[in-house]
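User: I would like to learn how to read a ligand site and a salt bridge in a model. Please take one feature at a time.

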Amino acid sequence: MADDHQQPTVALPGGGAMPMVGFGTWQLTGGRCYEAVRHALDVGYRHIDTATIYGNEREVGRAVGDSGVPREDVFITTKLPPREAGRERRTITRSLQALGTDYVDLWLVHWPPNHQARLTIWKEFLAVRDDGLARAVGVSNYRVSQLDELREASGEVPAVNQIRWAPPLYDATQVAQHRRRGVVLEGYSPLKATNLREEVLAEVAAAHGVTPAQVVLRWHLDHDIVVIPKSKSRDRIEANFDLFGFSLSDEERRRVDGLAGG
Ligand SMILES: NC(=O)c1ccc[n+]([C@@H]2O[C@H](COP(=O)([O-])OP(=O)(O)OC[C@H]3O[C@@H](n4cnc5c(N)ncnc54)[C@H](OP(=O)(O)O)[C@@H]3O)[C@@H](O)[C@H]2O)c1
C-alpha cells in the first residue's frame, strides 16, 4: 500500500497543492464507480477527477465520505458542462450537493463553449472561488491563446488546463508555454492515447520490472505533468498508483518523448 505522504504534489497558483496522480472516473457510474473510488482511496490516491456530465458525482461523494479519509486530505475536481454557461452558480451548487461537500478543490470549464474562451464564465468562476465554493478554478481543453485571452481580460490565469496528453502527443513547446504562464498542465487519457505495445515502452518497462502502462504514467511525473488514469479493475487501480519506486533516466524519458510524431 502506498504511503500518501510520498506522493508528489504540484503547487497551485494562489495556494494549495494538487497530488500529481489522480483517479479518473469518466465512464464509471453507479456501484462500479463507488467501488472503484473506494478502492482508489484505500490504495492511496488522494485526488479524484469527476465532472457533472459523468453522472457520478453522487457516487464519488459517497465513496469519499465512506472511505474514512478526511475530506481535507482528498483533492476533488469537477467540471462545468459548457451548456450550463450562464448557470454557473446553480451548477456548482448542485455538484457540491451531489458530492456532499462544501467546496471542491478544483472546478474546471469542461471545454470552451463553441470553441470560445468566454470571459463571462471565467469571471463567474473567479467569483465562485472567491466565495469559497472552489479552492481553485481552471479550464480544460483550452488553447494557450485562450488562456491568454482570459488572463488579459481578468488579470487572472486559470490555475490548471486539463488537456489530452500522452507520449504520442508530447509537445515540449506546449509544456513550456503552460509553465511560462504559471498554468499547471494536467493530462487526460494517458493510456487510451498511447499504444501500450510500442517496443520502447516494453524495453523501458523491462529495465524497471514494471508494465508499459506504468512507464507511461511515470513519464508524466518525470515531466512534472499531472496524470489521472481511470480503471474499473482493482488490479489496475493499484498498478496505476504504484509509480513512486522508480523513475525514468533522462535518456529513457527522451526515448518515450520520441513516440510523438513517430
Ligand atoms: N477534460 C476532459 O475533456 C476529459 C476527457 C477525457 C478524460 N478525462 C478525465 O481523464 C481520465 C482519464 O482518461 P480516460 O478515462 O479517457 O483514459 P485512460 O485513463 O487513459 O484510459 C482508461 C482505459 O485504459 C484502461 N486501463 C486502465 N489502466 C490500465 C492499465 N494499467 N493497463 C492497460 N489498460 C488500462 C481502462 O480499462 P479498465 O477500466 O478496464 O481498466 C480504460 O479502458 C478520465 O477518466 C476523466 O476523469 C477528461
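Analyst: A molecule sits in a pocket if more than half of its atoms lie within 2 Å of the pocket's grid points. In this predicted model, the ligand sits in the largest pocket.

User: How many residues surround the ligand, and which are the closest?

Analyst: A residue counts as near a molecule if one of its heavy atoms lies within 4 Å of it. Here 24 residues surround the ligand, and the closest are Asp49, Ser189, Leu191, Ser231 and Lys232. The shell divides into nine nonpolar, nine polar and six charged residues.

User: Which polar side-chain atoms lie by an oxygen atom of the ligand?

Analyst: The cut-off for a polar contact is a pair of N or O atoms within 3.5 Å. A polar side-chain atom of Asp49 is 2.6 Å from a ligand oxygen. For Lys230 the distance to an oxygen atom of the ligand is 2.8 Å, and for Asn141 it is 2.9 Å. Taken alone, the ligand exposes 900 Å², of which the protein buries 86%.

User: What does the salt bridge between Asp105 and Arg71 tie together?

Analyst: A salt bridge needs a side-chain nitrogen of Lys or Arg within 4 Å of a carboxyl oxygen of Asp or Glu. The structure holds 14 salt bridges. In the one between Asp105 and Arg71, the closest N and O atoms are 3.0 Å apart. Asp105 belongs to strand β6 and Arg71 to the loop between α2 and β5, so the pair ties together parts 34 residues apart in sequence.

Methods. Residues are numbered from 1 along each chain as its sequence is written. This is a predicted model: local features need pLDDT of at least 70, side-chain atom pairs count only at pLDDT 80 or more; totals for chains, interfaces and linings use all residues. Side-chain values use heavy atoms; hydrogens and water are left out. A polar contact is a pair of N or O atoms within 3.5 Å; within protein, one must be able to donate a hydrogen and the other to accept it, and residues adjacent in sequence count only if both atoms are side-chain atoms. Accessible areas come from the Shrake-Rupley method with a 1.4 Å probe; for residues, only the protein chains shown count as cover. On a 1 Å grid over the protein atoms alone, a cavity is a set of points where a 1.4 Å probe fits but cannot get out, and a pocket is an open set with protein on both sides within 12 Å along at least five of seven lines; lining residues have an atom within 4 Å of a point. Ala, Val, Leu, Ile, Met, Phe, Trp, Tyr, Cys and Pro count as nonpolar, Asp, Glu, Lys and Arg as charged, and the others, Gly among them, as polar. Helices (H or I, at least four residues) and strands (E, at least two) are DSSP runs, numbered from the N terminus.
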